[in-house]
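Please open the model in your viewer and keep the sequence panel beside it. The tour below proceeds by selection, from annotated positions to the surrounding framework.

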Amino acid sequence: MAQQHPPRSHAIPSRVRSYSRAGGRMRPAQAQALSELGPRYVVEVPRDDAVRTVAPGFRLEPEALFGHAGQARPLIVEVGPGSGEALLAHAASHPGADHLAIEVWETAIARMVAAIARQGLRNVRVVPADAAQVLARALPVSSASEVWVFFPDPWRKARHRKRRLVTEGFADSVARVLRPGGVWRMATDWADYAWQMRDVVEEVSALPAGLRPDATLPYFRHDDAGARPGLGAQGAVAGDPGNGMDPGSPAGVIGGWSERFAGRVMTRFEQRGLEAGRTVRDLRAVRTEVAWEPELGASMLQRLEAQRAAWDAVEREPWRLREADALGGLRPDGPGRGLRE
Ligand SMILES: C[S@@+](CC[C@H](N)C(=O)[O-])C[C@H]1O[C@@H](n2cnc3c(N)ncnc32)[C@H](O)[C@@H]1O
């Protein structure tokens with residue numbers, strides 16, 4: 001069946017900044033690498049009203065960008081790749097695929113372009129902009145085979161949670177750019193963020209948004225399997241309450257974690273989490289072949305908007321908690337249902 005897309009409006013992507021640094025001081029060698037190599041690898045992005053924003057009318061054309069207009073190739077998009085270790089390793093071993101890094105931090109971009117040039121990679125380009133805006137409007141619909149978000153900034157404090165990148169709105173944009181069958185990969189070392197990611201994917205897939213959680217390790221609603229090593233896929237039987245499994249959650253269909261993505265290179269962010277004794281969790285969601293009915297898209301947006309308004313009201317008037325809970329959606333004070341590590 002031909003893929004149809006809902007007439008969704010992405011006119012107002014989040015202006016909440018998910019990053020703490022974009023500029024900063026660079027070493028002279030990094031500044032030189034950026035000015036010499038930037039024109040070859042870094043996409044020039046017309047700005048909206050601030051640095052790292054994307055002008056509303058700007059459209060990226062991946063095939064033209066990689067110099068093979070009219071010829072579709074796999075496209076891997078990494079959001080916040082830092083210095084690009086994972087993406088560049090993948091690009092080196094997959095010369096037939098294009099790789100797009102969307103990163104805001106200039107120092108990381110400078111390191112990345114130096115590494116691209118050093119390794120002689122011809123299939124990597126860098127977009128220096130807020131990924132929330134790039135995915136929401138600059139990348140074409142159904143253009144990416146994979147979207148990666150590894151170790152996004154955790155924003156631990158409750159009042160900072162709203163800065164987290166992985167939200168329902170972001171998930172909707174990921175669904176927008178993924179091709180049917182395309183894969184969204186995530187990883188984090190923060191338990192409550194992992195649960196937020198899982199909740200987001202579940203929430204968005206409960207609406208007909210075209211993302212399906214693709215979990216291979218079942219989770220336990222009442223006692224976190226992911227936080228208890230040894231209780232992995234082998235330790236649990238789907239739907240068996242005797243195993244502590246939530247009887248209502250068939251393993252591998254809803255929720256849960258994925259095995260570590262083999263293409264994920266160990267970075268200092270993962271290393272730091274492991275050294276601090278945190279559990280690293282991978283998640284995966286797949287873009288379904290769902291055919292969109294215009295009314296479906298509209299009702300989905302309406303529901304999301306109602307949920308957001310309800311949770312906004314709770315901030316002002318905390319006694320509205322029950323009403324907001326009844327509407328569902330993500331609690332802004334951090335889903336993850338109280339999991340601590
Ligand atoms: C904690 S680092 C992780 C880097 C890398 N993914 C890794 O696993 O090592 C998060 C990165 O995401 C970038 N980032 C945060 N928000 C972003 C956004 N909205 N658009 C693009 N990059 C973003 C930050 O600049 C930073 O480089």
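UniProt positions are given here in the numbering used for this structure, feature names are shortened, and annotations may be inferred rather than shown by experiment. The model itself is predicted.

**First selection: a gathered set of annotated residues**

Select Glu-78, Glu-103, Asp-130 and Asp-153, which UniProt lists under "binding site" in an unreviewed entry. These positions span 76 residues in sequence, yet no two of their C-alpha atoms are more than 14.2 Å apart, so they gather at one spot.

Centre the view on Glu-78, in strand β1 (residues 75-79). Is Glu-78 buried or exposed? Glu-78 has 26 C-beta neighbours inside 10 Å and therefore counts as buried. Leaving aside neighbours within four places in sequence, Glu-78 is in contact with Ala-86, Leu-87, Ala-101 and Trp-148.

Move next to Asp-153, in the loop between β4 (144-150) and α6 (168-177). Asp-153 is partly exposed, because 18 other C-beta atoms lie within 10 Å. With neighbours within four places in sequence left aside, the contacts of Asp-153 are Ser-18, Tyr-19 and Ser-20.

**Second selection: the shell around the ligand**

Display the 21 residues around the ligand; Tyr-19, Gly-80, Gly-82, Ala-131 and Thr-267 come nearest. Colouring this shell by class gives 14 nonpolar, 4 polar and 3 charged residues.

**Third selection: a second annotated set**

Now select Lys-157, Asp-189, Thr-267, Arg-268, Phe-269 and Glu-270, covered by the UniProt annotation "binding site" in an unreviewed entry. This set is spread over 114 residues of sequence and is also spread in space, up to 23.5 Å between C-alpha atoms.

Within this set, look at Asp-189, in the loop between β5 (178-188) and α7. Asp-189 counts as buried because it has 22 C-beta neighbours inside 10 Å. Not counting residues up to four places away in sequence, Asp-189 touches Phe-151, Glu-270, Gly-273, Arg-278 and Val-280. Glu-270, one of these contacts, also belongs to the annotated set.

Then select Arg-268, in helix α8 (residues 268-275). Arg-268 has 12 other C-beta atoms within 10 Å and is therefore exposed.

**Fourth selection: two residues with positive phi**

Return to the loop between β4 and α6 and select Phe-151. Most residues other than glycine have a negative phi. What is the phi of Phe-151? Phi of Phe-151 is near 50°, a positive value. Phe-151 is buried, because 22 other C-beta atoms lie within 10 Å.

Trp-155 lies in the loop between β4 and α6 as well, and its phi, near 45°, is also positive. Trp-155 is partly exposed, with 19 other C-beta atoms within 10 Å.

Continue along the chain to α6. Here 9 of the 10 residues are buried, so α6 is largely enclosed by the rest of the structure. The buried residues of α6 include Phe-170, Val-174 and Val-177.

**Fifth selection: paired strands and the core**

Show strand β2 (residues 98-102) together with β3; the two run parallel and are joined by 4 bridges. Leu-100 stands opposite Arg-125 in β3. In a regular strand the side chains alternate between the two faces of the sheet. In strand β3 (residues 124-127), Val-124 and Val-126 point one way and Arg-125 and Val-127 the other way, and all are buried.

From β3, extend the selection to the largest nonpolar core, which has 67 residues. Val-77, Ile-102, Ile-109, Val-113, Val-134, Val-147 and Val-174 have the most contacts inside this core. Helix α7 (residues 191-206) gives the most to the core, with 7 residues. Centre on Ile-102: with neighbours within four places in sequence left aside, it is in contact with Val-77, Val-79, Val-127, Ala-129, Ala-131 and Val-134. Ala-131 appears here again, having been named among the residues nearest the ligand.

**Last selection: the whole chain**

Zoom out to the full chain, whose secondary structure comes to 10 helices and 7 strands. Of its 341 residues, 41% count as buried. Among contacts between residues at least 6 apart in sequence, 75% join residues at least 24 apart.

Notes. Residues numbered from 1 in each chain as written. Predicted model: local features only at pLDDT ≥ 70, side-chain atom pairs only at ≥ 80, totals over all residues. Near = placed C-beta within 6 Å. Nonpolar A, V, L, I, M, F, W, Y, C, P; charged D, E, K, R; others polar. Core = buried A, V, L, I, M, F, W, Y, C linked by C-beta atoms within 7 Å. Buried ≥ 20, exposed ≤ 12 C-beta atoms within 10 Å, placed from the backbone. Contact = placed C-beta atoms within 7 Å. Pairing = 2+ DSSP bridges.
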